[in-house]
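Hello,

Here is the structure I promised to pass on to you. Have a look at it first, and then read on for my notes.

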Amino acid sequence: MFTADMTIIYVPNVIKSADFYASLFDLKPINVTPTFAMFVFENGFKFGLWSKYTVLPGVNSQPFNANGEITFKVQHKKDVDFLYNEWGTFREITIIQSPTEMDFGYTFTAIDPDGHRLRVMFLQLEEA
């Protein structure tokens, strides 16, 4: 049996991206080099930033570009609205989807400086 406990995204400037995410998460990375940075959350989840120029195998050698998003689950529906307002007002993050009800729950979507999608969501299926 195995479990997923880490996400890594490829970025053009690890130091710049690490600064962005340190501010967004209010969390210092445990490691930062010009080619890789790692954040570890209280629950043990790890989030890595890897230079797209040094990742192996190289991203240009693959037949397709990876797509996806980083999701952040919140405990209450009102937390979605709170983060939407905070990110859009104080963090100067580009919001690409305002809070909306979707099949899986209440959500909004933003993008980081490198164009990765950041989705905040309250899962309706887990509502008590």
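Let me begin with contacts along the chain: taking those between residues at least 6 apart in sequence, 44% join residues at least 24 apart. Please keep in mind that this is a predicted model.

Some overall figures may help you get your bearings. The protein chain has 128 residues, and 31% of them are buried. Its accessible surface is about 8500 Å², with 54% belonging to carbon and sulfur atoms. The secondary structure consists of two helices and eight strands. Read from the N terminus, the elements follow the pattern β-α-β-β-β-β-α-β-β-β.

Now to the sheet that contains β1. This is an open sheet of four strands, ordered β1-β4-β3-β2, and its pairing is mixed. The edges are taken by β1 and by β2 (31–32); each has a single partner strand, so one side of each is left without a neighbour in the sheet. Further in, β3 (residues 36–40) and β4 (residues 46–51) run antiparallel and are joined by five bridges. If you would like a pair of residues to look for there, F39 stands opposite F47 in β4. Helix α1, made of residues 14–25, lies across β1, β2, β3 and β4 and runs at about 155 degrees to β4.

While you are looking at this part, stop at I8, a residue of strand β1 (residues 6–11). Together with M6 and Y10, I8 makes a nonpolar surface patch of about 230 Å². Is I8 buried or partly exposed? I8 counts as partly exposed because its relative accessibility is 32%, and the partly exposed range lies between 20% and 50%.

The other sheet to find is the one with β5. It is open too, with four strands in the order β5-β8-β7-β6 and mixed pairing. Its edge strands are β5 (69–73) and β6 (94–102), each of which pairs on one side only. On average, neighbouring strands here are turned by 20 degrees against each other, direction ignored. Strands β5 and β8 (residues 117–123) run parallel, with five bridges joining them. Within that pairing, T71 stands opposite R119 in β8. Helix α2, residues 77–90, packs on this sheet and touches β5, β6, β7 (105–111) and β8. The direction of α2 makes about 15 degrees with that of β7.

Enjoy exploring the model, and do write back with any questions.

Best wishes

Methods: Residues numbered from 1 in each chain as written. Predicted model: local features only at pLDDT ≥ 70, side-chain atom pairs only at ≥ 80, totals over all residues. Heavy atoms only, no water. Pairing = 2+ DSSP bridges. Axes fitted to C-alpha atoms, helices over the stretch in contact; angles between N-to-C directions. Contact = heavy atoms within 4.5 Å. Patch = residues over 30% accessible without salt bridge, like charges linked within 9 Å, V, L, I, M, F, W, Y side chains within 5 Å. Areas by Shrake-Rupley, 256 points an atom, 1.4 Å probe, with all protein chains shown as cover. Salt bridge = Lys/Arg side-chain N within 4 Å of Asp/Glu carboxyl O. Buried < 20%, exposed > 50% of the residue type's maximum accessible area, 1.4 Å probe, protein only.
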